[in-house]
Protein chains: 2
Amino acid sequence: MKTKAIFYHAGCPVCVAAERNVAVALDPARYDLEIVHLGTAKARVSEAEKAGVKSVPALVMGGAAYHINFGAGIEVLR
Amino acid sequence: MKTKAIFYHAGCPVCVAAERNVAVALDPARYDLEIVHLGTAKARVSEAEKAGVKSVPALVMGGAAYHINFGAGIEVLR
């Protein structure tokens, strides 16, 4: 079974770079990648926060949040 | 040809989590992953700094540095 990985972003330049270089680099044979734009999917901000996301871009996988560089704080996306 | 990806760390708990969950998740069909422990490979600290690494753990790929959460500043590893 594949592991779920969610990449949260907000369309910022730092986010786009992380998506293009890190998120899409995950092994598709082992990971199911979902990409969520929190600027447009506002309803999912609380889900991201519950998963430990404090800023975007971030990858949530294996039960933990991995913040990749810093684009924007989650609080500005609420 | 595979893209080179270098994961720099210092053996810290944050580093270990990022290595186990993000670095090893990269697609081995597309990426050649090298894992460098800057606590033991001091000679490579300057190489990491030149690549833009400001803290560990960090992934350098596609010509840019992607800091994953924060374990330690690069300056304490010099």
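The legends below describe close-up views of a predicted model with chains A and B.

**View 1. The relation between chain A and chain B in the predicted model.**
Chain B can be superposed on chain A with an RMSD of 0.0 Å, by a turn of 180° combined with a shift of 0.0 Å along the axis. The two copies are thus related as by a two-fold rotation axis. Within chain B, the C-alpha nearest to this axis belongs to Asp27(B), at 1.8 Å from it. The same surface serves both copies, in that 100% of the contact residues of chain B recur in chain A.

**View 2. The largest nonpolar core and the strands that supply it.**
The largest nonpolar core holds 24 residues, and those with the most contacts inside it are Leu26(A), Leu59(A) and Met61(A) together with Leu26(B), Leu59(B) and Met61(B). In chain A, strand E1 (3-9), strand E3 (55-61) and strand E4 (64-73) each supply at least two residues of this core, and in chain B strand E1 (3-9), strand E3 and strand E4 (64-73) each do so as well. As a general background to this view, nonpolar side chains in soluble globular proteins tend to be buried together.

**View 3. The surroundings of Met61(B), among the core residues with the most contacts.**
Met61(B) lies in strand E3 of chain B, which covers residues 55-61. With a relative accessible area of 2%, Met61(B) is buried, because buried means under 20%. Leaving aside residues up to four places away in sequence, Met61(B) touches Lys4(B), Ala5(B), Leu26(B), Tyr31(B) and Tyr66(B) from chain B, and Asn21(A), Val22(A) and Ala25(A) from chain A. One of these partners, Tyr31(B), is 30 residues from Met61(B) in sequence, while the C-alpha atoms of the two residues are 9.1 Å apart in space.

**View 4. The surroundings of Met61(A), with partners from both chains.**
Residues up to four places away in sequence are again left out of the list of contacts. From chain A, Met61(A) touches Lys4(A), Ala5(A), Leu26(A), Tyr31(A) and Tyr66(A), and from chain B, Met61(A) touches Asn21(B), Val22(B) and Ala25(B). Met61(A) is, like Leu26(A), listed among the residues with the most contacts inside the largest nonpolar core.

**View 5. Strand E3 at Ser55 and at the cis peptide bonds.**
Ser55(B) is found in strand E3 of chain B, and its relative accessible area of 7% places Ser55(B) in the buried class. When residues up to four places away in sequence are not counted, Ser55(B) touches His67(B), Phe70(B), Ala72(B), Gly73(B) and Ile74(B). In chain B, Val56(B) and Pro57(B) are joined by a cis peptide bond with omega of about 0°, and Pro57(B) lies in strand E3 of that chain. In chain A, a cis peptide bond joins Val56(A) to Pro57(A), where omega is about 0°, and the place of Pro57(A) is in strand E3 of chain A.

**View 6. The disulfides of chain A and chain B.**
A search of the whole structure finds two disulfides over all chains. In chain A, Cys12(A) and Cys15(A) form a disulfide with their sulfur atoms 2.3 Å apart; the torsion about the S-S bond of Cys12(A) and Cys15(A) is about 70°, so this disulfide is right-handed. Both Cys12(A) and Cys15(A) are buried. In chain B, a disulfide joins Cys12(B) to Cys15(B), with an S to S distance of 2.3 Å, and the torsion about the S-S bond of Cys12(B) and Cys15(B) is about 65°, so this disulfide is right-handed. Cys12(B) counts as buried at 14% relative accessibility, and Cys15(B) counts as buried at 0%.

**View 7. Asn69 in strand E4, with a positive phi.**
Asn69(A) lies in strand E4 of chain A, and its phi is near 50°, a positive value in a residue other than glycine. At 24% relative accessibility, Asn69(A) counts as partly exposed. In chain B, Asn69(B) lies in strand E4 and has a phi near 50°, again a positive value in a residue other than glycine. Asn69(B) is partly exposed, with a relative accessible area of 24%.

Technical notes. Residues are numbered from 1 along each chain as its sequence is written. Chains are lettered from A and ligands numbered from 1 in the order in which they are written. This is a predicted model: local features need pLDDT of at least 70, side-chain atom pairs count only at pLDDT 80 or more; totals for chains, interfaces and linings use all residues. Side-chain values use heavy atoms; hydrogens and water are left out. Copies are superposed by least squares on the C-alpha atoms of residues with pLDDT of at least 70 in both. Contact means heavy atoms within 4.5 Å. Helices (H or I, at least four residues) and strands (E, at least two) are DSSP runs, numbered from the N terminus. Buried means under 20% relative accessible area, exposed over 50%, partly exposed in between (1.4 Å probe, protein chains only). A disulfide is a pair of cysteine sulfur atoms within 2.5 Å. A nonpolar core is a set of buried Ala, Val, Leu, Ile, Met, Phe, Trp, Tyr and Cys residues joined through side-chain atoms within 4.5 Å.
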